[in-house]
Amino acid sequence: MFAILEQLSLCIERGRVNKDSNYPSDMKGMLGAVDLTQQALNEGISAKDVLNHGFLPGMKIVGDKFKESKIFLPEVLISAKAMSSAMELLKPYFLSGEVNFKGKVIMGTVAGDLHDIGKNIVKMVLEGGGWQVVDLGTNVNADKFIEAINTNCAKVVGLSALLTTTMQNMNEIVRRIKSETKDVLVVIGGAPVTKAFADSINADDYFPDPQSMLDYLNQIMIT
């Protein structure tokens, strides 16, 4: 069992989607993440084990390498594509209740900002880590965030911004969420965002990379 899951983890780490992929060149002709996920399920390996022992270790390696600047954005995107492609095979198991999400996170790029690459990477890393992400997309104002919080009974919200001009909109969104909802953690991220800025607008935390946010969520789930 674990040989398949170890190979699956490696495929996610290296960004190998399926057996027809040409990338990476040194794995050409080998099975990819989608193939190995299907094979594992066919052999009776539980979806929970596929997630915990296949997906999570691979994406953690990717997240740690990115945090340590050992790999860069293109490599993360390739790995995220392999993981998200294979994740499609697990979604029915989540919907059936066989595998439970660790929790629910609302995410969106703030009002005035149409950039979503960073947000999408964080989303895929969180989903690969077993969290359900409600993605509101881009250009999201406070009203939409608050509506999503109430509709989904979520306790964690992630705000993203890529522009220095739009990061200022985080201030009003955080203020509204804090004043109009109860016990909701608001975390922020994005290229121009800093820990000092997060503190200045009363956000609960700031993360410079996806793995840091996943580690944080896993920690608050335990505590």
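# Exercises on a parallel sheet

Val-157 stands opposite Val-186 in β4. The exercises below start from this pair; the model they concern is predicted.

## Exercise 1: β3 and its partners

Determine which strands β3 is joined to, how many bridges join each pair, and which residues stand opposite one another.

Solution.

Step 1. Begin with strand β4, residues 185-189. β3 and β4 run parallel and are joined by 5 bridges. Besides the pair Val-157 and Val-186, Leu-159 has Ile-188 of β4 as its bridge partner.

Step 2. Turn to β1. Here too 5 bridges make the connection to β3, and the two strands run parallel. Met-107 has Gly-158 in β3 as its bridge partner, and Thr-109 stands opposite Ser-160 in β3.

Step 3. As background, strands of a sheet pair through backbone hydrogen bonds, either parallel or antiparallel.

## Exercise 2: The order of the sheet

State the strand order of the sheet and identify its edge strands.

Solution.

Step 1. The sheet is open, has 5 strands and follows the order β2-β1-β3-β4-β5, with parallel pairing.

Step 2. β2 (132-135) and β5 (205-206) are the edge strands, since each pairs on one side only.

Step 3. Helix α6 packs on this sheet and touches β1, β2 and β3. The direction of α6 makes about 170 degrees with that of β1.

Step 4. At the β5 end of the order, 2 bridges join β4 to β5, and these strands run parallel. Val-187 has Asp-205 in β5 as its bridge partner.

## Exercise 3: Enclosure of β3 and β4

Decide whether β3 and β4 are largely enclosed or open to the surroundings, and describe how the side chains of β3 are directed.

Solution.

Step 1. A residue counts as buried under 20% relative accessible area.

Step 2. In β3 (residues 156-160), 5 of the 5 residues are buried, so this strand is largely enclosed by the rest of the structure.

Step 3. Val-156, Gly-158 and Ser-160 point one way from β3, while Val-157 and Leu-159 point the other way, and all are buried. In a regular strand the side chains alternate between the two faces of the sheet.

Step 4. In β4, 4 of the 5 residues are buried, so β4 is likewise largely enclosed by the rest of the structure.

## Exercise 4: Three residues compared

Classify Thr-109, Gln-211 and Ile-117 as buried, partly exposed or exposed, and place each in its element.

Solution.

Step 1. Thr-109 belongs to strand β1 (residues 104-109). Because its relative accessible area is 0%, Thr-109 is buried. Leaving aside neighbours within four places in sequence, its contacts include His-115, Asp-116, Lys-119 and Ser-160.

Step 2. Gln-211 is part of helix α11 (residues 210-222). Its relative accessibility is 1%, so Gln-211 counts as buried. Not counting residues up to four places away in sequence, Gln-211 touches Met-59, Lys-60, Gly-63, Asp-64, Lys-67 and Val-125.

Step 3. Ile-117 lies in helix α6 (residues 117-128). At 48% relative accessibility, Ile-117 is partly exposed, because that class lies between the cut-offs of 20% and 50%.

Step 4. Ile-117 also contributes to the surface: together with Leu-73 and Leu-77, Ile-117 makes a nonpolar surface patch of about 240 Å².

Methods. Residues numbered from 1 in each chain as written. Predicted model: local features only at pLDDT ≥ 70, side-chain atom pairs only at ≥ 80, totals over all residues. Heavy atoms only, no water. Buried < 20%, exposed > 50% of the residue type's maximum accessible area, 1.4 Å probe, protein only. Contact = heavy atoms within 4.5 Å. Pairing = 2+ DSSP bridges. Patch = residues over 30% accessible without salt bridge, like charges linked within 9 Å, V, L, I, M, F, W, Y side chains within 5 Å. Areas by Shrake-Rupley, 256 points an atom, 1.4 Å probe, with all protein chains shown as cover. Salt bridge = Lys/Arg side-chain N within 4 Å of Asp/Glu carboxyl O. Axes fitted to C-alpha atoms, helices over the stretch in contact; angles between N-to-C directions.
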